[in-house]
Amino acid sequence: MRIPSLFGPATAGFASLLEILTYLSIAGSPTVHAFSFTSVSHPDLDLSSLGRVGLVGDFDAVSLYSYQGQSEDNTASDDFQSLLTPLPNGILTSLSASDGHILAMCPFTRKDGTYSGLFVGGNFTSLGGVHSEGVALFNTTSGAVKALSGLSGSVSALLCDQETNSVYVGGDFTYKNSSNAAAWVGTDGWSSLSFSGFNGPVTSILKADDGHIIFGGSFDGLGNSTSTSSQNNTQIINLQNATISSDANSTTTGYSSPRNIICSTGEDGEGDTWLLTDYSPGYWRAEMGFVYEPTKLRLYNTHVDGRGTKSFLFRRLPDDGIMNLTYTDPDSGDEVSCDASCPLSNSTTELYRDFTFVNVVGMSGFQIEVQDWYGEGAGLNGIELFEKNIDAYAIDSFNEPTCAGLDYPSRSTRTGSWSVTPSGSSQSEYLSAQVTDSNATTSSVTFEASIKESGNYTVLLYTPGCVGDATCSSRGIVNVTGTFATSTDSSEGSIQTVVYQTNDYEKYDTIYSGYVDASSSSFRSSITLAPISGQGDNITVVASQVRFELLSSSSSSGGLNGLYEYVPGSSNSTTDSAIDDAGNQLDTGASITSLASYNGVIYAGGNFSDSSLKNIMYCNDGNATSMPSGGLNDEVTTMLVEGDYLYVGGSFTDTDDGGNDDLQHVAAYSFSSQSWTVLGAGVNGRVNTILSLPSNISADINETTIAVSGNFDKIYAFGNNTAVAVSGFAVWVPSQKNWLQNLNVSQMEIDGELSALASVTNTTILAGNLESGGLAASDAVSLYSSDDLVLESLSVQVNTTVSGSSIYAGKFDTSSGRNLTILGGHFDATASNGSSISNILVLNSTDQTVIGLGTDIDSNSTFLTLAVVGDTLYAGGNVTGTAGTSTLNGFVTYNLVNHKISDSQPAPLNGGNVSVTSIAPRPDSTEIYFGGNFDAAGSLPCPSVCYWDTSEGQWNRPGTGLTGTILALDWISSKELMAVGNLSVSDNNTAVAIYNTKKQTWSPLSGAAYADVPGTITAFTPANEAVSEFWLAGQATNGSNFLLYYGGSALQAVENTFEDGTVIQSLQVLVTSTTHESSSLLEKDEILLVTGSLVLPDFGNASSAVFNGTAFSPFILTTAADGTPGSVSQLFTEKQNTYTSSGHHLSNGIVVLISFCLALACIFLIVISGVILNKVQRRRQGYMAAPQASGTDRPSAMRRVPPEYLFNTLSQRNPGAPVL
């Protein structure tokens, strides 16, 4: 589970994790990426006219959809790990998935300079769907996986060495007659090392400065000098419950059954001897439901009436191979080999003859084929089969036979309902159980092995693959507990771990390596397997077998103790080694888990001690030398040398001497000062891996950061840094002496476990179950355009792990010189002063301070809509509380100057389940309209829509006849208000109603009847500034979703939008700087932004998509705190949407000036046109200009006309041209 913080803009001089991952994607000198990623173009949004733009919702990480393969469906699984690499935008993408854990990687370049590929090791059985147990070769160019068949088991350590043309491999596996160590040589493939490996697991391999190879692990001897305890081959293979058959059986009563010779004492007689028909060959066959590896066959010959078997062969089943055997000749004492014909004696003094198998191979049955006989016919008097493996099976009938009379035979018991499952692709039949949360605690299997001598053992737990029984989709996790010794220290001789059973093919996990007490009347080692609780219903768990492998008995040792130095090319398996000597100075049973080298000095960490040191040391001239303060007080699991420091991780919490309790699971040792130093105050759980991440953290500083991964979920507080919740992954920045998660930088959200890292020529490959959802941003980000679209987190800390937590509304306020971002919803956050905030916060973007609205509002409130009028914030939703003497219901008012809830609140809204979903101040007015679900405001009946007049300080009802639930209010003009929702106007059901403020009447919008809407409307947006066109979206009654366009006359459905499971929360028409194909639904420079929790066909989950009138494209991807897909509730902007590109939009002043000029021009043209028309008309009527006398003002012939004549003629028609 993840609880990250949101961080503000990147501080100059520091890199974010985004930069780290982007660097990783191109690290390694060449400029061509090893993998080809197809980029996706972002929509060319023109956001300049909108001012600041924000996005809110329910998410923990957010990213723009930029590359094919990027997805919201990237939930990491603890069940298996993958190979990953960062996309160019820093988002991690999977290259190849395994069915287990990846524990080691190294790129291998052969001696001739040819690059072979990336060796990948772990406890998986397949990688990229290719069956390859423990190790595989990954092609970093094509992404193909090559199986490296030959090993059986798991690989924990890899060392690629070009000088010796070899890849040294260590782990818990077998290869031919070698165990736990082998080498892949050039193009030849697998090869045994000269010393045949070790008698215990290898966990670390290091190449020293002198070229020697150092192995570290849990072993005390080499593979070719394994302890040969006299009791080692005494596990009896169960023939009692096998299916037994034979042919050519004797007809003599009491001698015909082939079962007679099972658990026989060797005495001839009826019921104890099996005879064949006289003078006839025959066979005796045993078939089992499990695979075993026999090392010794014991046959008792019969002597009934001089009969007996003279020769036979042993054939393994089911592949019919004839086994090679050896036996001791009783006469000469020599060891003799046989295969196709092995002899038995007819001497009565030889009770039985033992045959040793030359090759130890697995089989599930065998056949004794009798070839020749003594006397009149063949027969046998007894048979026993032994193996050196000490196994206990979940199916109890596979365990040692009860008829053998053993004091402490292997056995198993179980609780709950288990059934036997055929072996399928696994070695043996096994038990399966279907568990639910209700019966998980009552289902278990307990194994008890027959431990005949005390000593150091490795304990393996086998898990059948899920492919064979087709349960991969339902396989779960089991809790494994074990007790192996009677130590008074409960931490010794016992284990508790979890095992993931999602492997494709059969695997085994090493669950314990250490001392085991022999079985006795007072103590028996036991291992219990049970499903963990909380996995859900219909989970499949399986139980097969456990195996105890003896490393050394209490009375023997192979001369080693967890360390071995190998000289490549040497045929001598023993060396006069200072490294070996240092290991032997430690207490018996040392386990070395990690090796490191600095200036020629070898450092070793693990679980070990002597009188002066614990769990970490360095080798000095053959001596195991203590680190400061006696080392560390618990196991060291990982080490890394970087610069002047040895970084150490593990289970420790202090030095061995005590006094430094800030060394919580992680520490650093300074080589120069020879002292321990802290990494903050550490983390709250075991650290499994520490790896270096190369990063450019500023323009002039190149710094390598330290990645820490393990079983922790918190970075401890230290200094001025509060505790930070994480999910198994943290990054230490050495130059800042702080965790990256504490630095005020934008960063990617990375969660999960990083188990290995490899740089391959031109890229970096990570291994683990990491997931990256994008920019770490809890529920809120800003969106802006530079050269491209960019997301940036806001400086707020929201706890996104609270169930149902989400931000639903945002508002930018720039009134009166303020620079505020207001967020409302249902969430918990932290103020700048450290106090708690519930459900609504105010971020001052100038000084980055965050405040809440106080405690007057009930913590279970949810805010859905925000509006600012003057200096007052109106915040509505499902809001309750008390402010002074005022009761809050539906909304609250808050003074943005005094930063306090207003003393005088409007009367609360009333009704059942009061909710305010929209607040719309009327333009150029003191009226504020509230829409939602309510019946009255104070004592005033006022259903659905009511307005508060700030000048009069009272509620008013806008008209009558409207009822229903309001989703949104939007002003068409200062005189018309649009209401959207499930409405009724004078008993006419409609989705949209119009309110006329002058007439104070409501009327349904023509063409928007509610009958034309297929379900509940959840989102609305205007399509133009006049609101004459708009979009609706919602949830249909059949569970699907719908999207409707209103073009001015009717609603039009958009078909084939989203798949089931989609929830659309908001819509917004945005302008683009480029055009797209013509559409009847959108202008060429417009797109429709859809947000919510979307499921796009042929893509999957997205939190936002864009629609260009013909097709949808994913736009924004988010993940929630638990790694599942998140959602975006709303896009909000600083300025009102004008639905016009900034490139074509003029300011109001210029528009007025142009209009004025155009008006003057029109008047001028009208006047000129009138003058011209008048002259033309007069000329047509015969008027001519009178001649002018030179030098006079008036012609002599002109006479005065009385005024009344002129006025009397105005109403008369023109008499025509005057007659001269």
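Glu-400 turns out to be buried, with a relative accessible area of just 5%. In this predicted model, the partner of Glu-400 is Lys-452, and their side chains meet in a salt bridge at 3.7 Å, N to O. Glu-400 sits in the loop between strand S29 (390-393) and strand S30 (411-415), while Lys-452 belongs to the loop between strand S33 (444-448) and strand S34 (455-463), so the bridge ties together parts that are 52 residues apart in sequence. Lys-452 has a relative accessible area of 29%, so this end of the pair counts as partly exposed.

Another loop-to-loop link pairs Arg-686 with Glu-635, with 3.5 Å between the closest N and O atoms. Here the loop between strand S49 (675-677) and strand S50 (687-696) supplies Arg-686, and the loop between strand S45 (623-626) and strand S46 (636-642) supplies Glu-635, so parts 51 residues apart in sequence are tied together. Arg-686 is partly exposed because its relative accessibility is 31%. Glu-635, by contrast, is buried, at 17%, which is under the 20% cut-off.

Then there is the salt bridge between Glu-927 and Arg-922, whose closest N and O atoms are 2.9 Å apart. Both Glu-927 and Arg-922 are buried. Asp-161, Glu-163 and Lys-207 are joined into one network by salt bridges that share partners. The structure holds 22 salt bridges.

On to the nonpolar interior. The largest nonpolar core has 67 residues, and the members touching the most others are Trp-284, Leu-297, Phe-314, Phe-355, Phe-366 and Phe-548. Domain 1 (235-387) and domain 2 (434-553) both give residues to this core, so it lies between them. Phe-355 shows what such a position looks like up close: beyond its neighbours within four places in sequence, its contacts include Leu-297, Leu-299, Phe-312, Leu-325, Tyr-327, Cys-338, Cys-342 and Leu-344. Also among the contacts of Phe-355 are Thr-295, Lys-296, Thr-326 and Pro-343. Apart from the largest core lies another of 24 residues, including Val-1054, Ile-1064, Leu-1081 and Leu-1094.

Nonpolar side chains tend to be buried together in soluble globular proteins. Elsewhere in the model, though, some sit on the outside: Phe-1156, Leu-1160, Ile-1163, Val-1167 and Val-1171 make up a nonpolar surface patch, together offering about 480 Å² of accessible area. One of these residues, Leu-1160, lies in helix H3, which covers residues 1148-1180. Leu-1160 counts as partly exposed because its relative accessibility is 46%.

How values were computed: Residues are numbered from 1 along each chain as its sequence is written. This is a predicted model: local features need pLDDT of at least 70, side-chain atom pairs count only at pLDDT 80 or more; totals for chains, interfaces and linings use all residues. Side-chain values use heavy atoms; hydrogens and water are left out. Patches are made of residues with over 30% relative accessible area and no salt bridge: like charges are joined within 9 Å, nonpolar side chains (Val, Leu, Ile, Met, Phe, Trp, Tyr) within 5 Å. Accessible areas come from the Shrake-Rupley method with a 1.4 Å probe; for residues, only the protein chains shown count as cover. A salt bridge is a side-chain nitrogen of Lys or Arg within 4 Å of a carboxyl oxygen of Asp or Glu. Helices (H or I, at least four residues) and strands (E, at least two) are DSSP runs, numbered from the N terminus. Buried means under 20% relative accessible area, exposed over 50%, partly exposed in between (1.4 Å probe, protein chains only). A nonpolar core is a set of buried Ala, Val, Leu, Ile, Met, Phe, Trp, Tyr and Cys residues joined through side-chain atoms within 4.5 Å. Domain bounds come from an automatic or database domain assignment. Contact means heavy atoms within 4.5 Å.
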